Amino acid sequence: MNIVDLRSDTVTQPTPEMRIAMAAAPVGDDVYGEDPTVNRLQEMAAARLGKEAGLFVPSGTMGNLVAVLAHCNRGDEVIMGTLAHTFLFEGGGISALGGVFPHTIPNQPDGTLSLEAIQSAIRPDDAHHPISRLVILENTQNRCGGVILSAEYTRQVGDLAHRKNLLLHIDGARIFNAAVGLGVDVKELVEPAESVTFCLSKGLCAPVGSVLVGSRDFIHKAHRIRKQLGGGMRQAGIIAAAGIYALENMIERLGEDHRRAKLLAKGLTRVEGLKVEIENPPSNMVFVQVSDEIKLPTAQIANKMAELGVKIGVTGSKRFRMVTHFWIEDEGIEHTVAAFKQVLADAV
Ligand SMILES: *Cc1c(COP(=O)(O)O)cnc(C)c1O
């Protein structure tokens, strides 16, 4: 059976061409700064995002953690959304390892944090309060449906943060999905930010890795912190080569994934028992809710879907997430819609 795995774009395996690039990569010891492939990836990533320097890290989680630790002191506070990946899914690392305090404010349905809410979250200079140091935005915003934050909105948040002496970090795990979705240069989306993390291992198909970018001074500090966290890697050019291949070949095609997400959303609106949250999804994610007349628990629906060869993500008691990516074809989308119809017809 051909499995349609829509749980995440992290399940993407490297393409055959990418594997060839990996096998052929010149390598050296990156802890000595001697891996030419890692160095090239870091320079390419920085140039692509319009920043001075880059740092290759094993995961997006480490990229965000290193960024927060480089920007903040113990007891400082970071403002982010209640649905931010850094708040929900990174093991509380900023607090456990950095003594950094998360100050969460609601994400609006469009993924943004309201400027008013950010403004009132920023503390006055008073010894009773932690020092507000950093704002984190997430683009695309995963839990809100893979929604895209505009360059204009990001600029407004940057202006507000900077006016109040705060810094801006963008968790851009899928920043290239955002740029392709909007049809803008990714530089515009991250220009106001002091630092940005993006993932190579999601829709871009690389097997491992993320890159953190920012100013030369910031990356110098981040490099030291990556070492403290045990993230110094040796002949990492083997995996960095996949990242270079991804930056050169896998970005423009993300539009295909977005087209298929729209196709999937459209197909699922016609399935009895499902409500599609965003009928015209802006990037590569489709979230659906199961209506009340369906009595079968979501975990069991997911199991039955898996028996029909479709893997979906359970993201709540009544909610599923599906993510399109390089290895999903149009037939997989059609098969998913048909499988949902079959499973839910039996489940009322
Ligand atoms: C996946 C993801 C991360 C973390 O990436 P890992 O490589 O899985 O650690 C960070 N932020 C967002 C929004 C993500 O989707």
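**Close-up 1. Asn165, in the loop between helix 7 and strand 6.** In this predicted model, the loop holding Asn165 runs from helix 7 to strand 6, the strand that spans residues 167–171. Have a look at the backbone here: phi of Asn165 is near 65°. That is a positive value, and the residue carrying it is not a glycine.

**Close-up 2. The cis peptide bond between Asn139 and Thr140.** Omega is about 0° for the bond that joins these two residues. To find your way around, start from Thr140, which sits in the loop between strand 5 (132–138) and helix 7 (151–163). Helix 7 also borders the loop of Asn165 shown in the previous view.

**Close-up 3. The surroundings of the ligand.** There are 13 residues around the ligand, and those that come nearest are Gly60, Thr61, Asp171, Arg174 and Lys202. Three of the polar approaches are worth picking out on screen. Gly60 uses its backbone: an N or O atom there lies 2.9 Å from an oxygen atom of the ligand. Asp171 uses its side chain, with an N or O atom 2.6 Å from a nitrogen atom of the ligand. His85 also takes part through its side chain, where a polar atom lies 3.4 Å from a ligand nitrogen atom.

**Close-up 4. The two domains of the chain.** Domain 1 covers residues 10–249, and domain 2 covers residues 253–345. Taken over C-alpha atoms, their centres are 28 Å apart. To the contact, domain 1 gives 22 residues and domain 2 gives 16 residues.

**Close-up 5. The area buried between domain 1 and domain 2.** About 1,500 Å² is buried here, and carbon and sulfur atoms give 62% of that area. Which residues of domain 1 lose the most area to domain 2? They are Arg143, Gly145 and Asn177, which together make up 31% of what the domain 1 side buries.

**Close-up 6. Polar contacts and residue classes where the domains touch.** Between domain 1 and domain 2 there are five residue pairs in polar contact, counting pairs with both residues at pLDDT 80 or more. The number of salt bridges between the two domains, by contrast, is zero. On the side of domain 1 that touches domain 2, helix 8 (residues 175–182) provides the largest share, four residues. Sorted by class, this side of domain 1 has nine nonpolar, eleven polar and two charged residues.

Notes
Residues numbered from 1 in each chain as written. Predicted model: local features only at pLDDT ≥ 70, side-chain atom pairs only at ≥ 80, totals over all residues. Heavy atoms only, no water. Domains from an automatic or database assignment. Contact = heavy atoms within 4.5 Å. Buried area = accessible area lost by both parts, 1.4 Å probe. Salt bridge = Lys/Arg side-chain N within 4 Å of Asp/Glu carboxyl O. Polar contact = N/O pair within 3.5 Å; in protein donor to acceptor, adjacent residues only side chain to side chain. Helix = DSSP H or I, 4+ residues; strand = E, 2+ residues; numbered from the N terminus. Nonpolar A, V, L, I, M, F, W, Y, C, P; charged D, E, K, R; others polar. Near = heavy atom within 4 Å.
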